[in-house]
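Here are some notes for a first look at this model. Please keep the structure open while reading.

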Amino acid sequence: MSATLVLFLTLSIVLLTAKGLGWLSTRFDQPAVLGELLAGLILGPTVLGLLGWPIFAEHHETMQETFHLLAELGVLVLMFLAGLEIEPEEFFRSGAVAVWAGVSGVVVPLVLGALLALLFGYPGLEAVFIGIILTATSVSISAQTLMELGYLRSKVGIALLGAAVVDDVLGILILSLFVALAGAGSTGAGLVWLVVRMVLFLVGGYVVGRAVLPRFVEWMDEIPLAESMVAAVLAIMFIYGWAAETLGAVAPITGTFLAGLILTQSRLQHKIADRLFPIAFGFLVPVFLVNIGLNANLRVLNQQQWLFGGLLVLVAVLGKVVGCGVGARLGGFEPRAAFQLGVGMISRGEVGLIVATIGLSQGVIGADIFAVTVLMVLATTLLTPPLLRWALRLSPEEVLEESGEPLPLHEL
């Protein structure tokens with residue numbers, strides 16, 4: 001079969017398995033996202049090795065690259081929709097909590113991860129980088145869980161997204177500083193310029209975008225062409241994703257989240273959500289979730305790596321729950337809300353893998369640590385949805401306090 005036909009067949013299997021296990025997950029009173037993540041683990045090399053089957057083997061590399069690109073689109077759209085559901089005033093009002101939780105949620109995992117690696121005999125440079133890997137947060141998994149449960153616009157959900165932005169910026173700064181000190185990066189002046197770029201993008205992108213983008217989208221909606229407004233929104237989302245990394249040196253998902261946040265000021269806010277929702281959750285987001293498992297092969301780990309990996313997962317969970325939780329308390333949250341925010345920051349997702357890949361390419365960590373990182377990323381990503389659902393049920397009335405009416409995005 002041609003690569004195109006193989007892609008059609010593979011996508012059919014992936015989408016049906018993802019939605020089937022997503023439905024099964026809801027039958028056990030768990031978020032659907034958990035089932036979709038498990039679908040990737042089952043279809044991936046850890047269990048079935050779908051892309052390695054004889055019918056797919058000839059185009060294995062092409063399928064991997066295609067799924068990677070589709071997954072990137074999925075996470076961009078997911079974070080755009082998350083931003084589209086948050087009112088900017090509510091987002092910025094969570095500033096103190098977001099900053100405290102974001103900073104402590106970086107420092108605590110870094111220290112704990114480095115100490116654990118030192119105890120296992122890893123050299124200092126490698127140990128520190130393992131700690132840096134643990135600073136990452138992939139809020140996309142938590143965002144979908146919060147959207148699914150109807151809590152994204154709660155005070156915990158809004159603060160969590162703010163803390164994730166702080167986490168992203170601070171994590172990139174620490175990574176850049178480490179690479180520079182390790183002799184593979186820029187000078188001190190380069191790090192200053194990095195900070196300037198981040199600030200210019202985040203502030204400038206928001207101020208300029210808020211003045212221009214809502215009007216532009218509304219104007220495009222009046223053009224007598226089929227779905228011209230949707231085309232404009234997608235173009236804005238992609239431009240902000242591109243600009244985030246190219247101009248602002250932050251993750252593309254931060255850029256698309258910012259674009260969504262800006263377009264909440266448009267009177268077409270609900271229409272945009274209604275148009276993007278089907279393609280996002282019917283196609284791109286399931287591919288993103290399944291792709292995590294498709295790239296994880298836990299069979300390659302030996303006994304020592306399983307032990308270190310298991311403890312690393314424990315440290316990864318505690319580092320975010322304790323670090324972000326303490327930070328949220330310092331920012332003014334009540335204990336339960338602070339704990340819920342900490343749980344929401346557990347997932348490392350694709351961000352942790354990106355950081356680990358940089359370390360591998362720079363020769364700071366070896367293939368063994370990269371394999372353990374995959375285990376940690378997969379475990380924290382799978383744990384986040386059920387733990388977050390459980391945490392939110394501890395005090396739903398407290399979580400929803402001061403939240404607004406949600407957009408109709410929760411009927412997943």
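1. Helices here are DSSP runs of H or I with at least four residues, numbered from the N terminus. This is a predicted model: local features need pLDDT of at least 70, side-chain atom pairs count only at pLDDT 80 or more, and totals for chains, interfaces and linings use all residues. Residues are numbered from 1 along each chain as its sequence is written, and side-chain values use heavy atoms, with hydrogens and water left out.

2. Start with the second largest pocket. Helix 4, helix 13, helix 16 (349-361) and helix 17 (367-392) each give its lining at least two residues. A pocket is an open set of points on a 1 Å grid over the protein atoms alone, where a 1.4 Å probe fits, with protein on both sides within 12 Å along at least five of seven lines; lining residues have an atom within 4 Å of a point.

3. The lining of this pocket numbers 19 residues. Nearest its centre lie Asn-295, Leu-353, Thr-357, Phe-370 and Val-374.

4. Helix 13 also holds Val-287. Is Val-287 buried or exposed? Val-287 is buried (under 20% relative accessible area, 1.4 Å probe, protein chains only), at 0%. Beyond neighbours within four places in sequence, Val-287 is in contact with Leu-11, Leu-15, Phe-67, Leu-70 and Ala-71. Contact means heavy atoms within 4.5 Å.

5. Turn to helix 1, residues 3-27. Its buried residues include Val-6, Leu-7 and Gly-22. Their cover includes helix 2 (32-43), helix 3 (54-57), helix 4 (60-84) and helix 13 (269-294). After helix 1 comes Asp-29, with a positive phi near 60°.

Note on methods
Expected span 1.5 Å × (residues − 1). Buried < 20%, exposed > 50% of the residue type's maximum accessible area, 1.4 Å probe, protein only.
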